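Q: I would like a close look at a single part of this protein, with its surroundings worked in afterwards. Could you walk me through it in one go?

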Amino acid sequence: MLHETHPLNEEEVRLIEDGALGTILLQSVEKQGQMTSPASPFAAPAESYPAVDSKPCSKALSCRDCVFFDIETTGLSADTAFLFLIGYICYEKNSWNRHQLCIRLVQEEKTLLSSFFEAIKKARYLIHFNGNTFDIPFVQKRAAANGLFPPFERLISIDLYQRFRALRKVLNLPHMNQSFLEKYSGWEREDHLSGKEVVSVFWRYATSNTFPTNEASLSVSDAESSRKKLCPDTDSPAPFEAEQLLLRHNRDDLLGMVQILRLESYHMLFAGHICIDKAETILVSDSDAREYECVQLSFSTIQPLPHLLILTKPIHESHAASKITLSADGQTGKLTIPVFSGTLRYYLHDYKNYFYLPLEHQVIHKSIASYVAKEYRIPAKPDTCFIERSGCFLPLPNVSSSSDAIAFLREQPLFQENYENKDLYMEYTNEFKEQEEIVASYARTLLAYIAQR
């Protein structure tokens, strides 16, 4: 069995340890839970963003307890194919290292698996790309065929494909395969072999060997048939070159997972992990050169974004022209929100304690209703128990999925145009810009809303 070991470079180590992975670990512990059994070890992927009041990853959740891994197989079915290469990245002896275990013979598969299981026995998290669907079930089945028991039950599975799948709609990503996400993260792999080509190269690499049956239930005829089908005799790489191609493909799969950790910066942004730098009122011109007033919230992100991000979304269906804009680049961003000027109503929920005065178009509490003649007052109803307020207001979106937003909204007087129209607003005063917590909560509410595309 071939075993190659290489240290990670400074950039790769930084991507693992700079905080993005810590956020993934925290959310995985809270939402995925631990593997429970080989039959159904994984929780459903979380499509929504974490509550914005989540605390940063605690010291107890160490990225150095992680193992990134990727496998290469001779086919898609563990019943008729076997593992020939396992690559993994782990922290050991005070450094991050990349390991690649490669075999030529199916008889060596048990040794390959045993070596990998030994390497991960102290790990807490197993990180992979689409491994919940393919890699881990394949390893489990091949382990069973070889009389081995993988140490997966005590590990927490973190599938980066499932983690970043929620970004597809909000970022309008055309693909979700690993190679595309690597490019989107700003990294180009050297390897460009397809899965079928990898299998073909492997059979060329192992061409000088036979593939007898063993406890893995593979027959000589099956293996030889696959080899001839996938590895033509012409234009095939020499054995040493083939070995390097296989290792390079697996290496890029491993390092690609590290590179796409940059995408966690979008999760952190939409989850509201930002710092408000400034709140100001600006004038914005529309397509007809008409100016209108907006509030602009400037903020800093914890992690730099790989790409310039500009998103626009109507905040109320009844006012499609009233749109909020998010623009962010690197570690800075802005939220631009149109200000509504006019008269809105604050509806009181305990309407049974009020009387409505039709002539004055207002309500009074029962405790003072005796001062008004009966013919000028009537019991208030839900749609008549309101207080009108004229001034400037900021729109509030529907973000019922965010617990932090709900808490924020409950603390604010919420205004409406009328009882039938459920669009909500909060009052915008000069003091608003000085209330840091309210400004931050409002920004996080908007970010959660933008993410719900």
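What span should the 16 residues of helix 13 have at 1.5 Å a residue, and how far apart are its end C-alpha atoms?

A: Happy to. Please keep in mind that this is a predicted model. At 1.5 Å a residue, the 16 residues of helix 13 should span 22 Å. The expected span is 1.5 Å times one less than the number of residues, which is why the figure is 22 Å. The end C-alpha atoms of the helix are 23 Å apart, which agrees with that expectation.

Next, the surroundings of the helix. Helix 13 covers residues 436-451, and it is mostly covered, with twelve of its 16 residues buried. Among the buried ones are Val-439, Ala-440, Ser-441, Tyr-442 and Ala-443. Further along, Thr-445, Leu-446, Leu-447, Ala-448, Tyr-449, Ile-450 and Ala-451 are buried too.

That burial brings us to the nonpolar cores. The largest one has 67 residues, and those with the most contacts inside it are Ile-16, Leu-21, Leu-160, Phe-270, Leu-326 and Leu-335. Helix 13 gives the most to this core, contributing eight residues. A second, separate core holds 41 residues, including Ala-78, Phe-82, Ala-123 and Val-201. As general background, nonpolar side chains in soluble globular proteins tend to be buried together.

Tyr-449, one of the buried residues of helix 13, also has a charged partner: the charged end of Lys-313 sits over its ring, 4.1 Å from the ring centre. A similar arrangement involves Arg-377, whose charged end sits over the ring of Phe-355 at 4.7 Å from the centre.

Phe-355 leads us to the sheets. It stands opposite Ile-364 in strand 12. Four bridges join strand 11 (residues 354-357) to strand 12, and the two run antiparallel. They belong to an open sheet of three strands in the order 12-11-13, with antiparallel pairing. Its edge strands are strand 12 (362-365) and strand 13 (378-379), each of which pairs on one side only.

There is also an open sheet of four strands, in the order 10-14-16-15, again with antiparallel pairing. Strand 10 and strand 15 (414-415) stand at its edges with a single partner strand each, so one side of each is left without a neighbour in the sheet. Eight bridges join strand 10 (residues 340-347) to strand 14 (residues 386-396), and among the partners Thr-343 is matched with Ser-390 in strand 14. Strand 14 is in turn joined by four bridges to strand 16 (residues 424-427), running antiparallel. There, Leu-394 has Met-426 as its bridge partner, while Pro-395 stands opposite Tyr-425.

Finally, the aromatic rings, of which the structure holds 23 pairs. Phe-340 and Phe-393 form a tilted pair, 6.5 Å centre to centre with 50° between the planes. This pair links distant parts of the chain, with Phe-340 in strand 10 and Phe-393 in strand 14, 53 residues apart. Phe-340 is partly exposed, with a relative accessible area of 24%, whereas Phe-393 counts as buried at 0%. The cut-off explains the two labels, because buried means under 20% relative accessible area. Elsewhere, ring pairs link Phe-69, Tyr-88, Phe-116, Phe-117 and Phe-152 into a cluster.

Key
Residues are numbered from 1 along each chain as its sequence is written. This is a predicted model: local features need pLDDT of at least 70, side-chain atom pairs count only at pLDDT 80 or more; totals for chains, interfaces and linings use all residues. Side-chain values use heavy atoms; hydrogens and water are left out. A nonpolar core is a set of buried Ala, Val, Leu, Ile, Met, Phe, Trp, Tyr and Cys residues joined through side-chain atoms within 4.5 Å. Buried means under 20% relative accessible area, exposed over 50%, partly exposed in between (1.4 Å probe, protein chains only). Two strands pair if DSSP finds at least two bridges between them. Rings of Phe, Tyr and Trp (its six-membered ring) pair if their centres lie within 6.5 Å; planes under 30 degrees apart count as stacked, over 60 as edge-to-face and the rest as tilted. A charge sits over a ring if NZ of Lys or CZ of Arg is within 6 Å of the ring centre and within 35 degrees of the ring normal.
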